[in-house]
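Me: Can you walk me through reading a structure, one feature at a time? I'd like the general idea and then the case here.

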Amino acid sequence: RKQIIKERLQAMTDFSKYKNITVDHDTYATITRLQTKITPDVKLSRSQVVKTLVNKEARKLNGRLSK
């Protein structure tokens, strides 16, 4: 029983590392279509698509993004 509880705890998401965002249905559909377009050989998760696009835009700002 203790082993099962321990395995479940290890599999749980660490909520201190993640936040949620909400997008409308059209944006969600666009993200879904982008999953296979950004890297043609690999299907990215939706969160990886968002992370990739955000990082790309941040790089375009070339250090002008303040914290």
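Reply: Sure, let's start with helices: helices (H or I, at least four residues) and strands (E, at least two) are DSSP runs, numbered from the N terminus. This is a predicted model, where local features need pLDDT of at least 70, side-chain atom pairs count only at pLDDT 80 or more, and totals for chains, interfaces and linings use all residues. Residues are numbered from 1 along each chain as its sequence is written, and side-chain values use heavy atoms, with hydrogens and water left out.

Me: Okay, where do E57 and K60 lie?

Reply: Both sit in helix 3 (residues 46–60), three residues apart, which is about one turn of the helix.

Me: And how many salt bridges does a search of the whole structure find?

Reply: A salt bridge is a side-chain nitrogen of Lys or Arg within 4 Å of a carboxyl oxygen of Asp or Glu. The search turns up one: the side chains of E57 and K60 meet at 3.2 Å, N to O.

Me: Is K60 buried or exposed?

Reply: Buried means under 20% relative accessible area, exposed over 50%, and partly exposed in between (1.4 Å probe, protein chains only). K60 has 52% relative accessibility, so it counts as exposed, while E57, at 44%, is partly exposed.

Me: What about I21, where is that found?

Reply: Look in the loop between helix 1 (2–11) and helix 2 (25–34). I21 is exposed, because its relative accessible area is 63%. The C-alpha atoms of I21 and S47 are separated by 10.0 Å, and these residues are 26 apart along the chain.
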